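Student: Please give me a close look at the nonpolar core of this model, with enough of the surroundings to place it.

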Amino acid sequence: MNLLNEADGARVSTRRRANPNLGLIYGIHIDESDVATIDMTLTSAACPLTDVIEDQAKTATDGLVQDLRINWVWMPPWGPDKITDDGRDQLRALGFNV
């Protein structure tokens, strides 16, 4: 398995700084063909935004990897405890009570 290395992490990290880290991404794998697979969950299995999230993720990683795939996972289930401290600060700045 080719896990996300430091250079790849830096590339992805600079693109996602504008979004609060809700703890939705469980893992990232970039294979030898430069295809990224993100293991990701949602706050609810009924979330209607999966297509929007996939489109935005592909746009955010354009030029960083050859292709992007999202592997939707449901275990472990997401909970507010997965939101990072930085994510909580950003959500509070937007007016959310977390």
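**The core and its surroundings**

Tutor: The protein chain runs α-β-β-α-β-α when read along the sequence, with three helices and three strands. Helices (H or I, at least four residues) and strands (E, at least two) are DSSP runs numbered from the N terminus. The model is predicted, with local features requiring pLDDT of at least 70 and side-chain atom pairs counting only at pLDDT 80 or more, while totals for chains, interfaces and linings use all residues. Residues are numbered from 1 along each chain as its sequence is written, and side-chain values use heavy atoms, with hydrogens and water left out.

Confidence comes before detail. The average pLDDT (the predictor's confidence in each residue, from 0 to 100) is 83 for the protein chain, and 80% of the residues score at least 70. Among the elements, strand β3 (residues 67-72) has the highest mean, 96, and α1 the lowest, 47. Residues 1-8 have pLDDT below 50, and this stretch makes 10 contacts in the model beyond near neighbours in sequence; a contact means heavy atoms within 4.5 Å. Residues 13-18 are also below 50, with nine contacts beyond near neighbours in sequence. Where pLDDT is low, the predicted coordinates should not be read in detail.

Now the core itself. The largest nonpolar core consists of 10 residues: L24, I28, I30, A36, I38, M40, A57, V65, L68 and I70. Such a core is a set of buried Ala, Val, Leu, Ile, Met, Phe, Trp, Tyr and Cys residues joined through side-chain atoms within 4.5 Å. Buried means under 20% relative accessible area, exposed over 50%, and partly exposed in between (1.4 Å probe, protein chains only). At least two core residues come from each of β1, β2 (35-40) and β3, and β2 contributes the most, with three. Of the 98 residues in the protein chain, 26% are buried.

One of the core residues, L24, touches D39, M40, T41, L42, T43 and W78, residues up to four places away in sequence being left out. W78 also appears among the contacts of L22, together with K82, I83 and L91, again without neighbours within four places. L22 lies in the loop between α1 (6-16) and β1 (25-30) and is partly exposed because its relative accessibility is 25%. L22 and I83 are 61 residues apart along the chain, but their C-alpha atoms are separated by 4.3 Å. Over the whole chain, 62% of the contacts with a separation of 6 or more are between residues 24 or more positions apart.

A57 is another member of the core, and its backbone oxygen is reached by the side chain of T61 at 2.9 Å. T61 belongs to helix α2 (residues 50-61) and is buried, because its relative accessible area is 12%. The C-alpha atoms of T61 and A36 are 9.1 Å apart, with those positions 25 residues apart along the chain.

The last helix, α3 (residues 85-93), has the buried residues G87, R88, Q90 and L91. Down the axis of α3 these buried residues fall within an arc of 165°, so they line one face of the helix; the arc is that of the directions from the helix axis to the C-beta atoms. The exposed residues D85 and A93 sit on the face of α3 turned away from its buried side. After α3 comes G95, with a positive phi near 100°.

Two loop features remain. D34, in the loop between β1 and β2, is not a glycine and yet has a positive phi of about 65°. It counts as partly exposed because its relative accessibility is 24%. P76 is placed in the loop between β3 and α3, and the peptide bond joining M75 to P76 is cis, with omega about -5°.

As for the outer surface, the protein chain exposes about 6600 Å², and carbon and sulfur atoms supply 53% of it. Accessible areas come from the Shrake-Rupley method with a 1.4 Å probe, and for residues only the protein chains shown count as cover.

Key: A polar contact is a pair of N or O atoms within 3.5 Å; within protein, one must be able to donate a hydrogen and the other to accept it, and residues adjacent in sequence count only if both atoms are side-chain atoms.
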